[in-house]
Amino acid sequence: MQQSISSTRLRLRKSRNDIHPTTRRRYNRLIHQHLLASGLFNRNARIAGYLANDGEPSIDLMIQSQHKANRAVYLPALRKQQLSFKPYRFNDRLMNNKFNIPEPIGHQCFSPKYLNIILMPLVGFDEHGNRLGMGGGFYDRTLRFTLRASCKKRPLLIGIAYSQQKVAKLHKQAWDIPLDAVMTEQGLQCFSIKSQSLLRPTTRY
Ligand SMILES: Nc1ncnc2c1ncn2[C@@H]1O[C@H](COP(=O)(O)OP(=O)(O)OP(=O)(O)O)[C@@H](O)[C@H]1O
Ligand SMILES: [Mg+2]
């Protein structure tokens, strides 16, 4: 099983990296248009995003449009084995972490409980909203609190991906945190009642 997960990761990462730059720009624009159409930004929500790495879809258009609306977005920053979230405005200074991923340099850090929406990258996803990440377990550990019965308030988890990252079935581990929805260049796919009640449908699958 471990062997097949690693080879699935390698295959999906390669296919994500192999997308032609022109196609990639078109897909990124479509993802942004679908995000706008979903009504995600209409409310005064605290939104976390990410800076694209390893062929992930860039959501810089979202970061720029939030900046124009005078809103910060929050970016993940490594904190021991978990992520905390730092406010970021387009063009703020960044510094690479140990995985060579840029992070905001400010000291202000927020817990994921503070956020309303997390847009998260992924390597693969399936029909049920199971998510395959890069294998570090960082998002899973960070979001573990959402599984507790006592958890009353949690951020909406939206995977950002190219549609080719969808696989038939992922084997879910006990620690894997499922997604509420995935946004691709083809539109929004909702997996939870929470996402259906908060997001407007875009292009249907
Ligand atoms: N809640 C947790 N508590 C302890 N260890 C965890 C937890 N979540 C994940 N891990 C550890 O992290 C390792 C990687 O997990 P997994 O393969 O699910 O990563 P991933 O989902 O691909 O990565 P990421 O969450 O960073 O996107 C697992 O082998 C597991 O040991
Ligand atoms: Mg996982």
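In the predicted model described here, Ile31 is located in helix 2, the segment that spans residues 21–37. With a relative accessibility of 1%, Ile31 is classed as buried, because the limit for that class is set at under 20%. Ser58 follows 27 residues further along the chain, and the C-alpha atoms of Ile31 and Ser58 are separated by 9.1 Å.

A second buried position, Gln165, belongs not to a helix but to a loop, namely the one that links strand 9 (156–160) with strand 10 (181–184). The relative accessibility computed for Gln165 is 0%, and this residue therefore counts as buried. The side chain of Gln165 is engaged in a polar contact with the main chain, since a distance of 3.2 Å separates it from the backbone oxygen of Val123, a value that falls within the 3.5 Å allowed for such a pair.

Ligand 1 is surrounded by 14 residues, of which Arg9, Arg131, Phe138, Asp140 and Trp175 are the closest. When the members of this shell are sorted by class, six are charged, four are polar and four are nonpolar. Helix 4, which covers residues 138–142, supplies four residues and thereby the largest share of the shell. The space that ligand 1 takes up is the largest pocket of the model.

Polar contacts to oxygen atoms of ligand 1 are found for several side chains. In the case of Asp140, an N or O atom of the side chain is placed 2.8 Å from an oxygen atom of the ligand, while for Arg141 the corresponding distance between a side-chain N or O atom and a ligand oxygen is 3.3 Å. Asp176 likewise places a polar side-chain atom 2.9 Å from an oxygen atom of ligand 1. Taken on its own, ligand 1 has an accessible area of 640 Å², and 74% of this area is covered by the protein.

Backbone geometry was examined next. Most residues other than glycine have a negative phi. Against this background, Asn91 has a positive phi, with a value near 80°. Asn91 is part of the loop that runs between strand 3 (82–88) and strand 4 (94–96), and its relative accessibility of 64% means that Asn91 is assigned to the exposed class, for which the threshold is over 50%. A positive phi is also found for Asn100, where the angle is near 65°. This residue lies in the loop between strand 4 and strand 5, the latter comprising residues 102–104. Asn100 has a relative accessibility of 57% and is therefore counted as exposed.

Ser197 provides an exposed position within a helix, being located in helix 5, which extends over residues 193–198. The relative accessible area of Ser197 amounts to 59%, and the residue is accordingly exposed. A polar atom in the side chain of Ser197 is found 3.0 Å from the backbone oxygen of Lys194. With respect to Ala168, from which Ser197 is 29 residues apart in sequence, the C-alpha to C-alpha distance in space is 26 Å.

How values were computed: Residues are numbered from 1 along each chain as its sequence is written. Chains are lettered from A and ligands numbered from 1 in the order in which they are written. This is a predicted model: local features need pLDDT of at least 70, side-chain atom pairs count only at pLDDT 80 or more; totals for chains, interfaces and linings use all residues. Side-chain values use heavy atoms; hydrogens and water are left out. A residue is near a molecule or strand if one of its heavy atoms lies within 4 Å of it. A polar contact is a pair of N or O atoms within 3.5 Å; within protein, one must be able to donate a hydrogen and the other to accept it, and residues adjacent in sequence count only if both atoms are side-chain atoms. Accessible areas come from the Shrake-Rupley method with a 1.4 Å probe; for residues, only the protein chains shown count as cover. On a 1 Å grid over the protein atoms alone, a cavity is a set of points where a 1.4 Å probe fits but cannot get out, and a pocket is an open set with protein on both sides within 12 Å along at least five of seven lines; lining residues have an atom within 4 Å of a point. A molecule sits in a cavity or pocket if more than half of its atoms lie within 2 Å of its grid points. Helices (H or I, at least four residues) and strands (E, at least two) are DSSP runs, numbered from the N terminus. Ala, Val, Leu, Ile, Met, Phe, Trp, Tyr, Cys and Pro count as nonpolar, Asp, Glu, Lys and Arg as charged, and the others, Gly among them, as polar. Buried means under 20% relative accessible area, exposed over 50%, partly exposed in between (1.4 Å probe, protein chains only).
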